[in-house]
Amino acid sequence: MLISSHYFPLSQLNYHYMNSTLLPSAKLAPQYHLPDASTSVSFPSHILLGQERVVETFKLMSKTNSQHLFLADFLGVDRSLFIDALVTQANTPSSHYLVATKKQQEDTDIQFKWQQTLPPEHVGIIAKQESLSCYLQGTIRRADLLGRMLKTDKSSVYKPGALAKNHFVFICLASLWQRESLWDLLMQIIHDGFYRINNELTPIPLNCKIVLVGSGLSYSQLRVEDRNFNRHFPLLAEMSNEVDLTQHPESSYVQWLNVLAQAESVELEPSSLLPLFWYSSRLVEHQQRLSLSMLEFRQLLGQAKVYSGQATLNAAAIAKALEKLKFRHNSSEIYSAQSFDDNFINLPTKGAMVGQINALTVIDTGDYTYGEPARITSSVHYGDGEVADIERKSELGGNIHAKGMMILSACLYRIFGRDAPLHLNANIVFEQSYQEIDGDSASLAEYCCLMSAIAEHPIIQSLAVTGALDQFGNVQAIGGVNEKIEGFFNLCQRRGLTGEQGVIMPKANVLQLNLEPAVIEAIDKGLFHIHAIEHMDQAVELLMQMPAGVANEDNDFAPDTLYGLVQQRLDKLAGQDDDDVELNFFAKLLARLHII
């Protein structure tokens with residue numbers, strides 16, 4: 001039964017935990033110390049920000065013999081831009097010349113060798129290794145690697161391939177794998193230390209370093225499956241996809257942005273930096289870390305240039321590009337909002353109800369992520385102690401969600417089932433959910449909902465909850481905290497902010513907060529609230545507006561606490577309440593005969 005919203009007015013709460021868990025607006029978004037100007041001198045090497053591991057390993061490879069490198073990158077890397085910057089970190093090698101010589105003057109056998117000194121004029125140069133690096137991707141042919149012989153009427157001329165012209169040859173692993181024979185050929189060349197153009201020609205010594213570029217998972221797989229790879233690619237350079245601002249100043253990230261801006265032929269005004277920093281922080285979900293996804297920023301800057309019609313970008317140009325980026329991808333979120341607004345989905349945001357709570361979920365469509373509130377309900381009855389997960393039984397719950405439910409049951413038994421088994425069964429379900437649910441971030445909400453159902457005490461519906469539990473009741477971090485908060489805020493805003501609405505979240509997620517300005521503004525005005533908690537008892541006190549309770553030496557709770565109400569209900573289910581024990585047959589018979 002729905003209880004009117006004035007039954008539990010949030011403004012009249014007197015418990016000390018209300019104010020102690022409220023987050024100030026200063027913690028709701030990252031704070032940065034940005035330079036006054038964004039036009040500081042930038043060099044290509046600034047794109048290597050946060051890549052100390054890669055740079056150190058690349059330098060090591062350039063100085064070792066017969067050891068090649070595997071560069072493990074991620075999807076957001078602009079490989080060409082990164083490679084051009086990386087090769088500048090090695091000592092620039094001198095040009096090498098491939099010449100044909102004889103072992104002895106009278107010997108007819110010719111061999112090829114590389115030398116650093118320019119040969120005499122009468123000695124022909126077969127190939128000249130003067131290019132620092134190249135990157136091979138797409139359709140790679142044998143001739144691209146080894147070169148080929150060009151025949152003329154009088155002679156044949158060798159046209160060098162990538163292995164003969166470059167000191168460092170970067171190769172896309174995925175492109176190489178598409179041609180298995182080419183992969184085997186490269187591994188054989190590295191193993192032998194030379195390659196042949198054809199059967200008649202003398203072998204050419206391998207005189208360059210090979211850098212394979214692919215995913216870290218591919219590296220692990222190759223180390224196990226390919227003996228030659230394991231032998232010749234001992235060096236792994238794994239790229240970082242984010243930078244820690246406790247290790248690098250904001251000015252270094254500004255230089256990183258400027259390199260990308262130069263690649264897009266745009267210039268960043270100082271006002272453009274803050275929205276770019278906020279967007280970057282949002283990508284990695286951390287206030288003190290920033291994204292190193294080059295492609296996303298290049299694409300965004302290119303779009304901002306088109307929308308603004310100028311090559312100089314300010315805050316308005318970046319904001320416009322971000323707004324349009326969201327507009328192109330948020331159709332699922334819009335349709336979801338319409339279902340709530342049309343009351344197709346039942347989810348109250350005012351009043352109080354027994355055994356019902358508002359949880360927070362995240363919907364990931366692959367290209368866009370948004371938050372969506374979900375209604376969880378619980379019912380209890382006499383039974384053998386099972387807490388049933390309807391999602392799991394209907395095969396709509398994933399393994400991690402099932403794990404969260406088991407931890408929830410463990411919390412229940414830890415508090416109330418130490419001395420005797422529990423005589424209740426409970427059913428918990430996500431209402432109006434028709435797709436698979438996974439993750440343990442709803443375990444706190446499910447626990448609170450279960451406590452309400454057992455105690456028959458209502459939960460206020462103006463607060464939504466997210467958090468994962470451990471067996472001791474500690475509230476642990478969850479994913480998608482910004483999207484979850486904004487999803488519930490947007491629903492409340494459309495219905496009208498009352499000053500009683502808000503979200504309960506894990507305190508462990510505070511460093512990930514990066515909320516939209518509209519949410520922060522509402523919180524500043526007292527129209528919305530965010531509570532950061534560490535233990536499940538804080539959540540039940542906020543939601544049911546009474547103390548959770550502390551057990552005494554006999555493991556009993558005070559009757560005027562929530563856990564006291566839960567304990568009384570459990571005792572009733574176990575038949576330990578004398579007032580509710582029915583008279584047995586003989587007692588009833590004696591009563592009818594007026595004997596007792």
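In which loop, between which helix and which strand, does Glu 285 lie? Glu 285 is found in the loop between helix H11 (273-284) and strand S15 (289-291), in a model that is predicted. Although Glu 285 is not a glycine, its phi is positive, at about 55 degrees. Its relative accessibility is 24%, and because values between 20% and 50% count as partly exposed, Glu 285 belongs to that class.

**Confidence in the model**

For the chain, the mean pLDDT is 86, and 87% of the residues reach 70 or more. There are, however, stretches that call for care: over residues 1-17 pLDDT stays under 50, and for them the model has 35 contacts beyond four places in sequence. Over residues 578-584 pLDDT also stays under 50, and here the model has three contacts beyond four places in sequence. Where pLDDT is low, the predicted coordinates should not be read in detail.

**Residues with positive phi**

Besides Glu 285, a positive phi is found at Ser 66, a residue other than glycine, and at Ser 265, which follows helix H10. The table sets these residues side by side.

| Residue | Phi | Place |
|---|---|---|
| Ser 66 | near 60 degrees | loop between helix H2 (52-63) and strand S1 (69-72) |
| Ser 265 | near 60 degrees | after helix H10 |
| Glu 285 | about 55 degrees | loop between helix H11 (273-284) and strand S15 (289-291) |

Ser 66 has a relative accessibility of 55%, and because exposed means over 50%, Ser 66 counts as exposed.

**Helix H10**

Helix H10 (residues 250-263) has 14 residues and reaches 20 Å from its first C-alpha to its last, which is close to the 20 Å expected at 1.5 Å a residue. H10 is mostly covered, since 11 of its 14 residues are buried, among them Tyr 253, Trp 256 and Leu 260, but also Glu 250. The elements that cover the buried residues of H10 include helix H3 (79-86), strand S13 (242-244) and strand S14 (267-268), together with H11, S15 and H12.

**Helices H12 and H13**

Helix H12 (residues 294-308) packs against helix H13 (residues 315-329) at an angle of about 110 degrees, with the axes 8 Å apart. Because angles of 65 to 115 degrees count as roughly perpendicular, H12 and H13 are described in that way. On the side of H12, the residues that meet H13 include Leu 300, Leu 301 and Tyr 307, while those of H13 include Ile 318, Leu 322 and Arg 328. By class, this contact of H12 with H13 has eight nonpolar, two polar and three charged residues.

Note on methods: Residues numbered from 1 in each chain as written. Predicted model: local features only at pLDDT ≥ 70, side-chain atom pairs only at ≥ 80, totals over all residues. Heavy atoms only, no water. pLDDT = per-residue confidence, 0-100. Contact = heavy atoms within 4.5 Å. Axes fitted to C-alpha atoms, helices over the stretch in contact; angles between N-to-C directions. Helix = DSSP H or I, 4+ residues; strand = E, 2+ residues; numbered from the N terminus. Parallel < 35°, antiparallel > 145°, perpendicular 65-115°, else oblique. Nonpolar A, V, L, I, M, F, W, Y, C, P; charged D, E, K, R; others polar. Buried < 20%, exposed > 50% of the residue type's maximum accessible area, 1.4 Å probe, protein only. Expected span 1.5 Å × (residues − 1).
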